[in-house]
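Q: I would like to learn how to read this structure feature by feature. Could you walk me through it?

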Amino acid sequence: MSTNLKYLSLGILVFQTTSLVLTMRYSRTLKEEGPRYLSSTAVVVAELLKIMACILLVYKDSKCSLRALNRVLHDEILNKPMETLKLAIPSGIYTLQNNLLYVALSNLDAATYQVTYQLKILTTALFSVSMLSKKLGVYQWLSLVILMTGVAFVQWPSDSQLDSKELSAGSQFVGLMAVLTACFSSGFAGVYFEKILKETKQSVWIRNIQLGFFGSIFGLMGVYIYDGELVSKNGFFQGYNQLTWIVVVLQALGGLVIAAVIKYADNILKGFATSLSIILSTLISYFWLQDFVPTSLKE
């Protein structure tokens, strides 16, 4: 049963990652009248949706009893403040990471983003070795070296980029820095969260409620600091449309699926499974979004 859950969660993760990257990229580059939606508010809404989904799952596990649900939430969250506070660290990092992904996809095409973001496999492996004392085999280290080589080739400037002083959309440097920062934050937060999940007996859904609680607080702080003036002028949900809500739901789903993958598999396997979505993202980015042109180094 656990093996089936492992591969099911990995399959859903591939689908979710591919869909999220493409819809997020499309939503951030779509030309529409009026203000564009704020990525900081989208992160907060996704956290709130994740909390609601997890509460429903805990309610289901409690045999659909409101009294049992209230007891579980009280015993596992309110009565264990130190356990709850442990989630503040990865939650803050995940909130930063989610905001960085919006920045990255506003400045990079979907295919380049997907390949570069796979450096998180390397950072995850390094943090897993140092924090969880895991041992990697020769083939796993060789795979990481190949991964780094592939990312270097993807970032290598093509002739058209060298001849042109203008970048096609946004700043590629800003996008690259956002992705690299997200890779390190993802690696550390993922391994830290895995360590917490596997050292305690609390359910993965309770842990996600704790993550979402702190994530919402950190996210609202980000909205106030960076977009407070725009929110007061045009509203919290400015620029939201059907596509925006699809992005938000997919992002919330991602948090749930990743937690399940970490619980039933591990972070390194999660990273390699996510890499499968690169092929789908590249093909759709080329044929549908038409913002990626393969070269001899990017094929």
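Q: Where is Lys63 placed?

A: Lys63 sits in the loop between α2 and α3 (66-78). Helices (H or I, at least four residues) and strands (E, at least two) are DSSP runs, numbered from the N terminus. Before we go on, a word on the source: this is a predicted model, where local features need pLDDT of at least 70, side-chain atom pairs count only at pLDDT 80 or more, and totals for chains, interfaces and linings use all residues. Residues are numbered from 1 along each chain as its sequence is written, and side-chain values use heavy atoms, with hydrogens and water left out.

Q: What is the phi of Lys63, and is Lys63 buried or exposed?

A: The general idea comes first: most residues other than glycine have a negative phi. In this model, Lys63 has a positive phi near 60° and is not a glycine. Lys63 counts as exposed because its relative accessibility is 76%; buried means under 20% relative accessible area, exposed over 50%, and partly exposed in between (1.4 Å probe, protein chains only).

Q: Which loop holds Ser133, and what is its phi?

A: Ser133 lies in the loop between α7 (119-131) and α8 (138-155). Its phi is positive, about 60°, although Ser133 is not a glycine. With 60% relative accessibility, Ser133 counts as exposed.

Q: How many helices and strands does the chain have?

A: The chain has 14 helices and zero strands. Read from the N terminus, the elements run α-α-α-α-α-α-α-α-α-α-α-α-α-α.

Q: What do the totals say about burial and surface?

A: The chain has 299 residues, and 48% of them count as buried. About 15700 Å² of the chain is exposed, with carbon and sulfur atoms supplying 66% of that area. Such accessible areas come from the Shrake-Rupley method with a 1.4 Å probe; for residues, only the protein chains shown count as cover.

Q: How should I read contacts along the chain?

A: Contact means heavy atoms within 4.5 Å. Among contacts in the chain between residues at least 6 apart in sequence, 86% join residues at least 24 apart.

Q: Which residues are in contact with Leu122, leaving aside its neighbours within four places in sequence?

A: They are Leu144, Leu147 and Met148. Leu122 itself belongs to helix α7 and is buried, with a relative accessible area of 14%. The C-alpha atoms of Leu122 and Gly187 are 8.0 Å apart, although their positions lie 65 residues apart along the chain.

Q: What can Met52 and Leu283 show me about separation in sequence and in space?

A: Met52 is in helix α2 and is partly exposed, at 48% relative accessible area. From Met52 to Ile209 is 157 residues in sequence, and 8.2 Å from C-alpha to C-alpha. Leu283, in helix α14 (residues 277-289), is partly exposed at 45%. The C-alpha atoms of Leu283 and Ala110 are separated by 9.9 Å, with the two residues 173 apart along the chain.

Q: Why is α6 largely enclosed by the rest of the structure?

A: Eight of the eight residues of α6 are buried, so this helix is largely enclosed. The buried residues of α6 include Ala110, Tyr113 and Tyr117.

Q: How many cavities of 30 Å³ or more does the search find?

A: A cavity is found on a 1 Å grid over the protein atoms alone, as a set of points where a 1.4 Å probe fits but cannot get out; lining residues have an atom within 4 Å of a point. Grid points are joined across faces, edges and corners, and a volume is the space filled by probe spheres set on the points. The search of the whole structure finds two cavities of 30 Å³ or more. The largest has a volume of about 480 Å³. It is lined by 29 residues, of which Gln97, Asn98, Gly254, Gly255 and Ile258 are the closest to its centre.

Q: Which helix gives the most to that lining?

A: That is α12, with six residues. Among the other helices that supply at least two lining residues each are α1 (2-29) and α5 (88-107).

Q: How many disulfides does the search find?

A: A disulfide is a covalent bond between the sulfur atoms of two cysteines. The search of the whole structure finds zero, taking a disulfide as a pair of cysteine sulfur atoms within 2.5 Å. As for cysteines, Cys54 is buried at 0% relative accessibility, whereas Cys64 is partly exposed at 48%.

Notes. 1 Å grid on protein atoms, 1.4 Å probe; cavity = no way out; pocket = protein on both sides within 12 Å on 5 of 7 lines; lining within 4 Å.
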